[in-house]
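Student: I should like a close look at one part of this predicted model, the internal cavity and the side chains around it. Please describe what lines it and then follow those residues and elements outward.

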Amino acid sequence: MNDLGAAAATALNLVLTADPAVAQIVLLSLRVSFSALLIAALVGLPLGALLAVARFPGRGALLTVRNALRGLPPVGAGLLIYLLLSRSGPLGHLGLLFTPGAMIIAQAVLIAPILAALSRQVLEGLWEEYAEQLRSFGAGPVRAVPTLLWDGRFALLTVLLAGFGRASAEVGAVMIVGGNIEGFTRVMTTAIALETSAGNLPLALALGMVLMSIVLVVNALAQASRDFATRAGA
């Protein structure tokens with residue numbers, strides 16, 4: 001118990017003093033997750049909007065693929081991306097394997113279907129509510145998308161925060177394609193797993209504290225966004 005208390009005290013000191021090793025891992029984690037979120041949003045939000053307002057041949061198949069990708073195990077996604085980026089893979093010439101770029105791709109692949117599903121729910125409800133009014137102004141489903149995106153911006157912010165939370169908590173896929181290389185591809189989740197198994201509890205606890213703080217902040221922002229959207233719509 002004394003050892004655990006000492007480890008927790010050391011971990012807190014590492015966080016409060018912005019230890020360079022901790023700071024480097026945290027900053028890389030944030031850079032990877034934010035980059036993945038941006039890429040996933042550029043794909044997932046338009047796809048979610050398309051599925052919400054448009055009816056077209058193949059829509060059912062696209063929904064099936066999206067749902068399948070949404071339930072894709074992280075290690076499975078990591079393995080597929082590894083095969084694509086490996087030296088003998090079709091994208092091996094890009095040299096992305098075991099780099100932060102590969103980790104960004106892995107996280108983006110995992111969260112894009114989530115963003116598409118959640119944004120579809122938000123925009124589908126708005127389309128049902130405003131469809132007649134928008135059509136009266138000559139706006140069909142596709143032309144109505146910018147209006148719906150703007151009207152649902154606070155709800156979509158919650159969607160983006162959920163995607164960021166999912167990305168920042170990812171372990172399996174990023175470890176497979178990133179390699180967990182110290183000073184280069186080591187992020188919070190993979191470092192926590194490695195340092196815990198190596199018995200370096202202070203560093204693992206310090207990173208765990210930061211990760212939990214980020215999760216709490218993200219959830220607080222998501223709740224605040226939902227509350228604001230509710231009040232704005234009242």
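Tutor: One definition is needed at the outset: a residue is called buried when its relative accessible area is under 20%, exposed when that area is over 50%, and partly exposed in between. By that scale R166 is partly exposed, because its relative accessible area is 27%. R166 will return below as the partner of a residue in the cavity lining.

The model is predicted, and confidence is therefore a fitting place to begin. The chain has an average pLDDT of 86, and 96% of its residues reach at least 70. Within the chain, helix α2 has the highest confidence, with a mean of 92, whereas helix α6 (residues 141-151) has the lowest, with a mean of 77.

Turning to the cavity itself, the search returns one cavity of 30 Å³ or more. The largest cavity has a volume of about 60 Å³. Its lining is made up of S29, L30, V32, S33, Q107, S168, E170, V187, M188 and T189. Two elements, α2 (20-53) and α9 (188-198), each contribute two or more residues to this lining. Helix α2 supplies the largest share, namely four residues. Sorted by class, the lining comprises four nonpolar, five polar and one charged residues.

Among the lining residues is E170, whose side chain forms a salt bridge with that of R166, with an N to O distance of 3.1 Å. The two partners differ in exposure: E170 counts as buried because its relative accessibility is 4%, under the 20% limit, while R166, at 27%, is partly exposed. Side chains of opposite charge can pair when their charged atoms come close.

The whole structure holds three salt bridges, and the remaining two may be set beside the one just described. In one of them, R186 pairs with E195, and the closest N and O atoms are 3.6 Å apart. R186 is buried, with a relative accessible area of 12%, and E195 is likewise buried, at 11%. In the other, the side chains of R120 and E124 meet with an N to O distance of 3.4 Å. Both of these residues belong to helix α5 (residues 100-136), where they stand four residues apart, or about one turn of the helix. R120 counts as buried, its relative accessible area being 18%, and E124 is also buried, with a relative accessibility of 18%.

Helix α2, which gives the cavity lining its largest share, also takes part in an aromatic contact. The structure holds two aromatic pairs. In one of them, the rings of F34 and F164 have centres 4.6 Å apart and planes at 25 degrees, so the pair is classed as stacked. F34 lies in helix α2 and F164 in helix α7 (residues 153-168), so the pair ties together parts that are 130 residues apart in sequence. The two rings belong to residues of unlike exposure: F34 is partly exposed, with a relative accessible area of 49%, whereas F164 is buried, at 6%.

In summary, α2 provides four residues of the cavity lining, and F34 in α2 is paired with F164 in α7. The lining residue E170, for its part, is joined to R166 by a salt bridge.

Terms used: Residues numbered from 1 in each chain as written. Predicted model: local features only at pLDDT ≥ 70, side-chain atom pairs only at ≥ 80, totals over all residues. Heavy atoms only, no water. 1 Å grid on protein atoms, 1.4 Å probe; cavity = no way out; pocket = protein on both sides within 12 Å on 5 of 7 lines; lining within 4 Å. Points joined across faces, edges and corners; volume = space filled by probe spheres on them. Nonpolar A, V, L, I, M, F, W, Y, C, P; charged D, E, K, R; others polar. Salt bridge = Lys/Arg side-chain N within 4 Å of Asp/Glu carboxyl O. Buried < 20%, exposed > 50% of the residue type's maximum accessible area, 1.4 Å probe, protein only. pLDDT = per-residue confidence, 0-100. Phe/Tyr/Trp six-rings, centres within 6.5 Å; stacked < 30°, edge-to-face > 60°.
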